[in-house]
Amino acid sequence: MDIETFLNNESQRSENYRCGFVAIVGRPNVGKSTLMNHLIGQKISITSKKSQTTRNRVTGIYTDDTAQFVFVDTPGFQINHRNALNDRLNQNVTEALSGVDVAVFVVEAMRFTDADRVVMKQLPSHTPVVLVVNKIDKDKAKDKYALEAFVNEVKAEFEFAGHEAVSAKHGLRIANLLEQLKPYLPESIPMYPEDMVTDKSSRFLAMEIVREKLFRYLGEELPYAMNVEVEQFEESETGMLNIYIAVLVDKDSQKAILIGKGGERLKKISTEARLDMEKLFNAKVFLKVWAKVKSGWADDIRFLRELGL
Ligand SMILES: Nc1nc2c(ncn2[C@@H]2O[C@H](COP(=O)(O)OP(=O)(O)OP(=O)(O)O)[C@@H](O)[C@H]2O)c(=O)[nH]1
Ligand SMILES: [Mg+2]
């Protein structure tokens with residue numbers, strides 16, 4: 001292509017091209033991260049059956065010929081016990097909502113609770129909000145009329161710009177949602193290169209992958225009492241990634257549970273994490289994960305700052 005044709009194409013593209021920010025908010029466990037991963041077509045944000053999986057805002061970028069969507073996945077808004085961690089998570093949500101072009105408020109089909117209402121109260125009045133009713137694949141959402149009545153009930157409580165009923169897990173009606181969001185993005189040239197899927201560093205993604213495995217392989221409460229720190233992340237001359245990750249726990253007893261009998265549990269966690277990392281980074285990975293005791297971290301604000309929360 002000669003330079004003139006290139007410049008012509010570029011200017012045509014920038015004339016109609018759209019690019020902007022979309023915040024994804026909702027109470028814990030409604031499927032915000034699953035939705036973002038499907039919207040961008042890659043697993044960037046970790047998900048689990050337990051709530052409060054997402055702790056940091058995670059940016060996922062989806063680019064096509066007509067628009068670039070910059071999604072911001074947020075932690076589920078906490079309404080239960082107050083501690084430094086929960087306050088920080090909530091602050092994260094509020095900050096994510098300011099300055100976006102459109103917000104997506106995710107609820108679970110057939111289940112609208114006080115926790116949803118608390119998030120709804122945080123929604124900005126000056127920014128369009130699209131209601132997303134997720135998990136429509138579930139049996140309880142199979143009755144079309146009941147689902148419609150549910151959507152109308154939620155819509156009666158807030159002035160939404162539009163709504164879409166989807167299944168994030170099965171990728172149902174995700175394309176419709178993208179089309180519905182597009183008009184709210186301002187006309188602009190893309191902000192990120194078209195092959196970029198997140199603005200998070202590889203270090204951050206590695207840490208998140210380990211956290212996801214902690215959620216999968218530890219009991220109900222334990223993952224919340226832990227944090228993950230990347231101590232080393234290096235690429236060797238052969239292109240192999242050497243990654244050293246510490247899991248911070250409160251007490252020796254938690255360390256013992258994490259390690260498991262004969263080291264089995266920690267081994268399983270690190271093997272699965274390594275396989276996910278190899279897929280995401282498209283490289284061979286050497287991964288070492290170990291446990292480190294550090295008490296009271298959830299209430300230590302300075303420590304949370306160090307971790308970037
Ligand atoms: N059946 C069904 N399950 C879903 C769907 N979307 C998400 N889930 C499940 O719901 C659970 C929570 O999903 P996440 O994506 O981690 O939820 P989240 O809103 O990001 O949760 P937090 O980060 O903790 O606030 C996981 O077990 C998902 O597999 C869906 O469309 N259908
Ligand atoms: Mg999440």
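## Polar contacts of ligand 1

A polar backbone atom of Ser48 lies 3.1 Å from an oxygen atom of ligand 1 in this predicted model. The backbone of Lys169 also contributes, with an N or O atom 3.1 Å from an oxygen atom of ligand 1. From Ser33 the contribution is made by the side chain, where an N or O atom is 2.9 Å from an oxygen atom of the ligand. Ligand 1 exposes 660 Å² when taken alone, and the protein buries 92% of that area.

## The surrounding shell

The shell around ligand 1 holds 22 residues, and those that come nearest are Lys32, Thr34, Gln52, Thr53 and Asp137. Sorted by class, the shell has 13 polar, six charged and three nonpolar residues. Helix H2, which spans residues 32-40, supplies the largest share of this shell, with three residues.

## The largest pocket

Ligand 1 takes up the space of the largest pocket. This pocket contains about 730 Å³ of space. Its lining is made up of 29 residues, of which Asn29, Thr34, Thr47, Ser48 and Lys49 are the closest to the centre. Two elements, H2 and helix H7 (202-217), each give two or more residues to the lining.

H2 provides the largest share of the pocket lining, namely five residues, just as it gives the largest share of the ligand shell. By class, the lining comprises 16 polar, nine charged and four nonpolar residues. Thr34 is thus named twice: among the residues that come nearest to ligand 1, and among those closest to the centre of the pocket.

How values were computed:
Residues numbered from 1 in each chain as written. Chains lettered and ligands numbered in written order. Predicted model: local features only at pLDDT ≥ 70, side-chain atom pairs only at ≥ 80, totals over all residues. Heavy atoms only, no water. Near = heavy atom within 4 Å. Polar contact = N/O pair within 3.5 Å; in protein donor to acceptor, adjacent residues only side chain to side chain. Areas by Shrake-Rupley, 256 points an atom, 1.4 Å probe, with all protein chains shown as cover. 1 Å grid on protein atoms, 1.4 Å probe; cavity = no way out; pocket = protein on both sides within 12 Å on 5 of 7 lines; lining within 4 Å. Sits in = over half its atoms within 2 Å of the grid points. Helix = DSSP H or I, 4+ residues; strand = E, 2+ residues; numbered from the N terminus. Nonpolar A, V, L, I, M, F, W, Y, C, P; charged D, E, K, R; others polar. Points joined across faces, edges and corners; volume = space filled by probe spheres on them.
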